[in-house]
Amino acid sequence: MGKVVLPVGVPGPQSLADVVDDLDQRLREGRVEDYLPIPTGLAPFDEYLGGGLHAEDLWLVGGMQNIGKTVAVVQMARNVARSGRALAIVVCYEHSPLYLLHRLLCLESIDPSRSRPDGGPSVLRPEDGGITRDAIDAAVVGGLQRGESVSFEWLVDRVPGAWEVWRRIQRYLEGLWLILGDGRRTTADVLELYVEVAQERG
């Protein structure tokens, strides 16, 4: 009988002794990321996860359409990126990076210091420094109809409160990657490559 060869990429078995040795080596080298969760910024979720996201864990977020999965994941990624603890990579199989940018612009318009009567955070009105998707659309369409040369800076100049929101986003511009996934091409192997690219860039 020939030697058993595992498929490429499939890890071999580890004895319990091997796992203990691995843990000992990690502790001696100061690689304690498994014990230092990264908070998502969503308190109930962090409590459920034991303080936040842990290295080498995989969580699948599922649910019915239009219940806020994308917004929740983008908000968690934004919170991780803002913390500076790790690079956050969002691969969305439904929405484009541009759509996610619009969601972030709106998200940064939430004023956590104010609250609604039900206790939830208050979204700032445009006159108070908030941005809505309608305000973005109206500014761009109006500028194009007037024949103006529009740009991102032009847009930020014309949407009330946009400069403050943009300053908030600038804090994590390089710490958050947005990727449009493809149901056939963006496989688990491709996701692993994205992580490897991030590691190469430090």
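A residue is taken as buried when its relative accessible area is under 20%, and by this criterion 26% of the 202 residues of the chain count as buried in the predicted model. The exposed surface of the chain amounts to about 14100 Å², of which carbon and sulfur atoms supply 56%. Along the sequence, the 8 helices and 4 strands are arranged in the pattern α-α-α-β-α-β-β-α-α-α-β-α. Among contacts between residues at least 6 apart in sequence, 55% join residues that are at least 24 apart.

The strand β1, which spans residues 88–92, is joined by 5 bridges to β4 (residues 176–180), and the two strands run parallel. Within this pairing, isoleucine 89 of β1 has tryptophan 177 of β4 as its bridge partner. The two faces of β1 differ in their cover, in that Ala88, Val90 and Cys92 form the covered face, whereas Ile89 and Val91 form the uncovered one.

The largest pocket has a volume of about 2400 Å³, and of the 50 residues that line this pocket, Leu58, Trp59, Ile89, Val90 and Val91 are the closest to its centre. At least two residues of the lining are supplied by each of α3 (69–83), β1 (88–92), α4 (97–107) and α8 (188–200), with the largest share, 8 residues, coming from α3. In composition, the lining of the largest pocket comprises 30 nonpolar, 9 polar and 11 charged residues.

Conventions
Residues numbered from 1 in each chain as written. Predicted model: local features only at pLDDT ≥ 70, side-chain atom pairs only at ≥ 80, totals over all residues. Heavy atoms only, no water. 1 Å grid on protein atoms, 1.4 Å probe; cavity = no way out; pocket = protein on both sides within 12 Å on 5 of 7 lines; lining within 4 Å. Points joined across faces, edges and corners; volume = space filled by probe spheres on them. Nonpolar A, V, L, I, M, F, W, Y, C, P; charged D, E, K, R; others polar. Buried < 20%, exposed > 50% of the residue type's maximum accessible area, 1.4 Å probe, protein only. Pairing = 2+ DSSP bridges. Contact = heavy atoms within 4.5 Å. Areas by Shrake-Rupley, 256 points an atom, 1.4 Å probe, with all protein chains shown as cover.
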